[in-house]
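Colleague: Before I plan any bench work on this protein, I would like to go through the model with you. Please keep the answers short and give the cut-offs.

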Amino acid sequence: MELSKKNAKIWSRMGPRATYGLAMLDLIEKNDKVYALSADLGSSSGLTRLMTESKDHYINVGIAEQNLIGVAAGLAKEGLIPFASSFAPFISHRCEDQVRMNLGYMHLNVKIVALGSGISMSILGNSHYGLMDVAVMNAIPGVVILSPSDCAQLVLCIEAAANYTGPVYIRMTGEPSMPRVYEEEFPFEIGRANQLREGDDILIIATGSMVYSALKAADILSEKNIEANVVDMHTLKPIDTSVLSNKYKMLVTVEEHSIIGGLASIINSEIVKMGYKGKVINIALPDDFLIAGTYKYMLEKYGLTADAIAERILDVGI
């Protein structure tokens, strides 16, 4: 699909799941080896049109997520390109063993699409929050982890995953009417982070829904004479370590994931190796089960807004 300002605006209004459905419909029209699979969540996955217009390329395995991964693995074994979608905790925690053996050990060409990662499932609560999915997937050898920052980048993630030979986990954060980070063509390469803003004082590395918040936080900091280099770390595995440098007085990570096992843990392990000397702030969800509420309420409560990010940085000081 063509990335334009108009399309980016439309996709943003639709939200990640509906955009995923459009991207899959387009992908199947171009490549008849692509299949969309669901554990009885076709509509929730944004696949309603696809279920009608490309029904021969849609498979519903029923409410059986572990079987979903097994069927996807079988299709991949036959040379097809299956995209299997379900809510983040169901397709990561519940399917860990199937992913470990079929995708990790056997390295089959399956693409996992995690719906509602982070806290975007809002009032549905902890049973539906994808708080620890990166921690689970990152521990499995050979699985690429993508975390798109907006709907435009999600489209490129889907296309890149289809063209990549090997298992991929795509983590979808955000909700309908999510902010736009990209509105025109931009480079996207698995394993290569995007620098979105230049600055010499601090480095802010953000992923998923938090990239937009990080950019806005950088604007606030600039008014305080603190210039931030903002990086969109859309690939969490393999991580792009080339953006790390000792020249920054402070390094900040921002993510809609548990403080344990996600971007913070990945980056912290890398800066220990390089001997980073500056201050480090990790902004993430707490190591806890959360109080449920609307998405907006949750972001505010857990300090994941632009204002809260900037305030945290200013409180620590560079």
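**Contacts, cores and backbone**

Colleague: Which residues does threonine 19 touch, not counting residues up to four places away in sequence?

Modeller: Contact here means heavy atoms within 4.5 Å. With residues up to four places away left out, the residues touched by threonine 19 are Met1, Trp11, Met14, Cys151, Leu154 and Val155.

Colleague: What pLDDT do local features need in this model?

Modeller: Residues are numbered from 1 along each chain as its sequence is written, and side-chain values use heavy atoms, with hydrogens and water left out. The model is predicted: totals for chains, interfaces and linings use all residues, side-chain atom pairs count only at pLDDT 80 or more, and local features need pLDDT of at least 70.

Colleague: Is threonine 19 buried or exposed?

Modeller: Threonine 19 is found in helix 2 (residues 16-30); helices (H or I, at least four residues) and strands (E, at least two) are DSSP runs, numbered from the N terminus. Buried means under 20% relative accessible area, exposed over 50%, and partly exposed in between (1.4 Å probe, protein chains only). Because its relative accessible area is 0%, threonine 19 is buried.

Colleague: What distance separates the C-alpha atoms of glycine 21 and serine 45?

Modeller: Glycine 21 also lies in helix 2 and is buried, with a relative accessible area of 6%. Leaving aside neighbours within four places in sequence, glycine 21 is in contact with Ser45, Gly46 and Leu47. Along the chain glycine 21 and serine 45 are 24 residues apart, but the separation of their C-alpha atoms is 6.8 Å.

Colleague: Which residues have the most contacts inside the largest nonpolar core?

Modeller: A nonpolar core is a set of buried Ala, Val, Leu, Ile, Met, Phe, Trp, Tyr and Cys residues joined through side-chain atoms within 4.5 Å. The largest such core has 74 residues, and those with the most contacts inside it are Met24, Phe83, Ile170 and Ile204.

Colleague: Which helix gives the most to this core?

Modeller: The contribution in question amounts to ten residues. Apart from this core lies another, of 43 residues, among them Ala88, Tyr248, Leu263 and Ile271. The helix that gives the most to the largest core is helix 8 (residues 151-163).

Colleague: How is helix 9 placed relative to helix 12?

Modeller: Axes are lines fitted to C-alpha atoms, for helices over the stretch in contact, and angles run from 0 to 180 degrees between N-to-C directions. Helix 9 (residues 210-222) packs against helix 12 (residues 306-316) at an angle of about 50 degrees, with the axes 8 Å apart. Angles under 35 degrees count as roughly parallel, over 145 as roughly antiparallel, 65 to 115 as roughly perpendicular and the rest as oblique. The angle therefore makes helix 9, relative to helix 12, oblique.

Colleague: How many nonpolar residues are in the contact of helix 9 with helix 12?

Modeller: Helix 9 contributes Ser213, Ala214, Lys216, Ala217, Ile220 and Leu221, and helix 12 contributes Ala306, Asp307, Ile309, Ala310, Ile313 and Leu314. Ala, Val, Leu, Ile, Met, Phe, Trp, Tyr, Cys and Pro count as nonpolar, Asp, Glu, Lys and Arg as charged, and the others, Gly among them, as polar. The contact has one polar and two charged residues, and its nonpolar residues number nine.

Colleague: How is helix 4 placed relative to helix 6?

Modeller: Helix 4 (residues 65-77) and helix 6 (residues 96-105) pack with their axes 9 Å apart, at an angle of about 10 degrees. That angle is why helix 4, relative to helix 6, is roughly parallel.

Colleague: How many charged residues are in the contact of helix 4 with helix 6?

Modeller: Gln66, Ile69, Gly70 and Ala73 of helix 4 meet Gln98, Val99, Asn102 and Leu103 of helix 6. These residues divide into four nonpolar and four polar, and the charged count is no residues.

Colleague: What is phi of asparagine 225?

Modeller: Most residues other than glycine have a negative phi. Asparagine 225 lies in the loop between helix 9 and strand 9 (228-232) and is exposed, with a relative accessible area of 67%. Its phi is positive, near 65 degrees.

Colleague: Is the peptide bond from lysine 237 to proline 238 cis or trans?

Modeller: Most peptide bonds are trans. Proline 238 is found in the loop between strand 10 and strand 11. With omega near 0 degrees, the bond from lysine 237 to proline 238 is cis.
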